[in-house]
Amino acid sequence: METVVSGIRPTGSLHLGNYFGALQNFVKMQNEHQCYFFIADYHSLTTHPTPHDLHGNVKQILVNYLAAGLDPEKCTLYLQSDVPEVVELYLFLNMNAYIGELERCTSFKDKIRAQPENINAGLLTYPTLMAADILLHRATKVPVGKDQEQHLEMTRTFGNRFNRLYNVDYFKEPQAFNFGENLTKIPGLNGSGKMGKSEGEGNAIFLADKPEDIRKKVMKAVTDGGPTVPNQEKPEAIQNLFQLMNVVSTPETVAFFNEKYNTCAIRYGDMKKQLAEDMINFTTPFREKIEDMLKNDEYLSKVVHQGKEKARESASKTIREVREIIGFKSF
Ligand code: TYM
């Protein structure tokens, strides 16, 4: 049995990228492994949410997790901020994380471009907090999308460096995980890049989206004038539409539109209509459960308290051992 850890930042409802990149694997893994799944609310502070938004977004992710099928009896489901031990490990790891390697991290470079007015130290040390999340439970497997690969590499570096520094074999090497498949990157709707909440208006389809919103967003998705020669290579925007279709539509539907593309008979309007309907079919059961669950504060509170207890049990054991390794001794 593996120890599994993963988390998602609370930025509102989850989109199809989060689902296919990570959450669907959380749901599968909880049946076989010791799993810790959390809501990365400390991480979300790098963008300075208001107290109101922070709480609302955390609640959204919690109900998205539950609606997707995470079972608090099978896995440990908790809020990062309910487990203060992670902050202590973050501090320890920061002592051995070098400014140069943090500055070279791709997500840091992206962030300083995206929010030049708010380049805070939390952004720089984002990878050490993420490493602390993972090492806190001494995880071996981390279900994530492709964009988190470098953070996993850094987690291994920090864990190994700790082991070397103190001449121990304490932290195991966590690996990014996707059931024997390559890590995925689900594309967005605006022609290039990944699906993401901050990648532009209309780029992401959320599990909680209403059918009419999904139709609007998909119909606006970027396309081109269409193929002019048979079997022409697909440009990125078109490849992206097909990739989205691959995850929500039947193989027959994908084959049908591929054939149309290859014979230059494709009508993107028809393809988008079909894609929108398949996305609606896919997301509807999630949306209904999300709406239901949002009303059930009593249950949510029970889940959160139970998760906190279980997560702190494992976290406090690690912190006790790490303190001892570092040389903190009680008088
Ligand atoms: P976050 O909140 O940006 O995304 C959560 C998960 O969703 C995946 N994901 C995608 N996968 C495929 N295609 C996409 N378009 C797409 N967009 C998002 C991400 O890869 C991720 O798995 N730093 C993390 C949160 C985190 C974490 C951790 C994860 C904090 N501590 C410890 C694992 C372990 C993040 O910002 O993910």
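**Exercise 1. Classify Arg156 as buried or exposed.**

*Solution.*
- Start with the value: Arg156 has a relative accessible area of 14%.
- Next, take the cut-off: buried means under 20% relative accessible area.
- Arg156 is therefore buried. This is a predicted model, and the value is computed from it.
- Now place the residue. Arg156 sits in helix 9, which covers residues 149-165.
- Finally, list its partners. Leaving out residues up to four places away in sequence, Arg156 touches Glu173, Pro174, Gln175 and Ala176.

**Exercise 2. Describe the overall build of the protein chain, and decide how compact it is.**

*Solution.*
- Count the elements: the protein chain has 14 helices and 5 strands.
- Compare the radius of gyration with the rule. The chain gives 21 Å, and the globule rule gives 20 Å for 331 residues. The two are close, so the chain is as compact as a globular protein of that length.
- Add the dimensions. The C-alpha trace spans about 80 × 45 × 40 Å along its principal axes.
- Check burial: 50% of the 331 residues count as buried.
- Look at the surface. The protein chain exposes about 16200 Å², and carbon and sulfur atoms supply 50% of that area.
- Look at the contacts. Take those between residues at least 6 apart in sequence; 79% of them join residues at least 24 apart.

**Exercise 3. State how many residues surround the ligand, and sort them by character.**

*Solution.*
- The shell holds 26 residues.
- The closest are Arg9, Tyr126, Asp133, Asp147 and Ile186.
- By character, the shell splits into 11 nonpolar, 10 polar and 5 charged residues.
- Trace the shell back to secondary structure. Strand 1 (3-8), helix 1 (16-29) and helix 8 (126-135) each supply at least two of its residues.

**Exercise 4. Find which polar atoms of Tyr126, Asp133 and Gly145 pair with the ligand, and give the ligand's burial.**

*Solution.*
- Set the cut-off: a polar contact is a pair of N or O atoms within 3.5 Å.
- Tyr126 uses its side chain: a polar atom there lies 2.7 Å from a ligand oxygen.
- Asp133 also uses its side chain: an N or O atom is 2.7 Å from a ligand nitrogen.
- Gly145 uses its backbone: a polar atom is 2.8 Å from a ligand oxygen.
- Close with the area. The ligand taken alone exposes 710 Å², of which the protein buries 97%.

Methods. Residues numbered from 1 in each chain as written. Predicted model: local features only at pLDDT ≥ 70, side-chain atom pairs only at ≥ 80, totals over all residues. Heavy atoms only, no water. Near = heavy atom within 4 Å. Polar contact = N/O pair within 3.5 Å; in protein donor to acceptor, adjacent residues only side chain to side chain. Areas by Shrake-Rupley, 256 points an atom, 1.4 Å probe, with all protein chains shown as cover. Helix = DSSP H or I, 4+ residues; strand = E, 2+ residues; numbered from the N terminus. Nonpolar A, V, L, I, M, F, W, Y, C, P; charged D, E, K, R; others polar. Rg over C-alpha atoms; globule rule 2.2 N^0.38 Å. Buried < 20%, exposed > 50% of the residue type's maximum accessible area, 1.4 Å probe, protein only. Contact = heavy atoms within 4.5 Å.
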